[in-house]
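Trainee: I'm new to this structure and would love a close look at one part of it. Could you walk me through how its aromatic rings pair up?

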Amino acid sequence: MRRRWLIALIASTVAIIAFGVYGVTTSPGAVVASPSPSPSPSPSPTLSAEVAEAPASTPVPVPTPTLAPSSPPQESPELTATRYFAAWQAHDISSMTGLVADPPADFAERHRLFDADLRVSSLSLTRGEMRRLSGEAAEMSFQGVREVAGLGRWTFSSVLHLGLRAGAWKVLWDPETLHRSLKDGGSLRLKETQVRRPATLTREGLLFPRDSRAGDYVTGLGGTAVVLSLEETASGRVLLASPPLPPIKTRSTISRSVQAAAARALDGTERPAAIVAVDVQTGQVRAVADTLGGRGAFNGLYPPGSTFKVVTAAALLRTGLSPESPVACPATYTIPNARTFTDSDGVDHGTVTLTTAFALSCNTTFVQQTYERLRDDRLRAEAADRFGFREKPGLSSCRIQPYGDLNQLGSDSIGQNSAQASPLCMAEVAAAVASGVWRPAIMTADPAADSPPPVPLDEGVAGGLRTMMSAVVTQGTAAQAGLPPETFGKTGTAEVEGAEDHAWFIGYRGSLAFAVFVQNGGAGGKVAAPIAARFLNAL
């Protein structure tokens, strides 16, 4: 019996060891990561212990793929095109050159000569759609408008080509980028042709006064006139030309007496200058005396300085301010996290009414109020939608751009930075205050078919502006200019980098609205306002 028991014990032990070895050598998934098995009778304690103590299988390492060194992210062709157009509009040739792949040695000179030879005074660009030609090539069509002195707006279109060079998108520049007519060595020229002048009469049917300084605007004041045309040199194709000369003895909208007063008011003015006068109710030009040249009184673009505060004040009145609202007029004002602006007289006037701040031409007041009330683009909208500061058909030129930062907004509010206007544009602003309706100036009996429609001003806004413009003459910056009673106006002194300030005075009296501009003349109250006084007192 004992021997049988011993044999049975040995057999049982061998079976248990064999089962344990089987459990260890079975695939590790069956022990470690298998789903839970169906319910079964519990194994014996010995089996359970042996399974639990079986060594875990060693995981096989998964090779990590070797990654190529990361390269710096490529800027998109859209971003390069945007930067190039911004630099081009700002005439920043250095930045343009840095965005061009292998720019020609005369890249900067080509752009300078193009603008100088064709008398281009400004450029605005509108992007088209970007086309990806391949992984390393793209192109973007664009539209442009150039302002050509003596001819007006010149629209054009072209294509900006871009390519991937050394991991960066670059402009693949060629002369055709400037204008399609420059393709394959083509060229453009501004041609002047002397023609005999047909005679133009005043609105009364009379000859123009002698030395009227209106020769660039009407014919018949001399033996010949200059007709301008922008042409392709080789083909002679005309891209832009002066308007046809009027028929012989055409009556203009110019009043002989008003024209004579304007011309004589500029006598003795050494700096280039202009006076423009328009009828308040019709917008018809009653006088234009211009020594600026190139039809600068209509087409020139100059910073309007504080005369633009008429527009800024209109926008502020629309926010709920009134002429009697108390405002601060400190000597300096710093826009939060931006630049400091200084008032011209350097005096802290404390708290004053908005009318007094306007009459004293407090820069700090208008910068602060614009920062606090007009940061949502209301200033640009007021100028563009209600006072004509936009691209449009018509005789006058003026514009303002959306601001990029608070410094630009502050400068725009006082007629600097992107705010630019011709004297005729500012005469339109004065006429809008007088009549309560902005309308484009005309030199015909009726507006042209494509003329911008009149824009009524809110009567409360117009009334408030009249109160404020009266205070400028009676107690403000034009009080010592000798202006006749019932004159409403606004002085302006516009800063010019590297040169003396421009002098402005705009206003109205009776049925006439006007603008006086003296290029690099100095302070508006001391220079332009006395010229306006000579003009008005001679009527």
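Mentor: Let's start with W173, which counts as buried because its relative accessibility is 12%, under the 20% cut-off. Keep in mind that this is a predicted model. The partner ring belongs to F107, and that residue is buried too, with a relative accessible area of 2%. F107 and W173 form an edge-to-face aromatic pair, with 5.2 Å from centre to centre and 80 degrees between the planes. F107 lies in helix α6 (residues 107-117), while W173 is in the loop between β4 (168-171) and β5 (188-196), so the pair ties together parts that are 66 residues apart in sequence.

Now look at the wider picture: the count comes to 15 aromatic pairs. Another of these pairs joins W88 and F142, whose ring centres are 5.8 Å apart; their planes meet at 75 degrees, so this pair is edge-to-face. Here again, distant parts of the chain are linked: W88 sits in helix α4 (residues 77-89) and F142 in strand β2 (residues 137-148), 54 residues apart. W88 is buried at 6% relative accessible area, and F142 is buried at 1%. Both belong to a cluster that ring pairs build from Y84, F85, W88, F114, F142, W154 and F156.

Finally, rings can have charged neighbours as well. The charged end of R339 sits over the ring of F341, 3.8 Å from its centre. Likewise, K490 places its charged end over the ring of F358, 5.5 Å from the ring centre.

How values were computed
Residues are numbered from 1 along each chain as its sequence is written. This is a predicted model: local features need pLDDT of at least 70, side-chain atom pairs count only at pLDDT 80 or more; totals for chains, interfaces and linings use all residues. Side-chain values use heavy atoms; hydrogens and water are left out. Rings of Phe, Tyr and Trp (its six-membered ring) pair if their centres lie within 6.5 Å; planes under 30 degrees apart count as stacked, over 60 as edge-to-face and the rest as tilted. Helices (H or I, at least four residues) and strands (E, at least two) are DSSP runs, numbered from the N terminus. Buried means under 20% relative accessible area, exposed over 50%, partly exposed in between (1.4 Å probe, protein chains only). A charge sits over a ring if NZ of Lys or CZ of Arg is within 6 Å of the ring centre and within 35 degrees of the ring normal.
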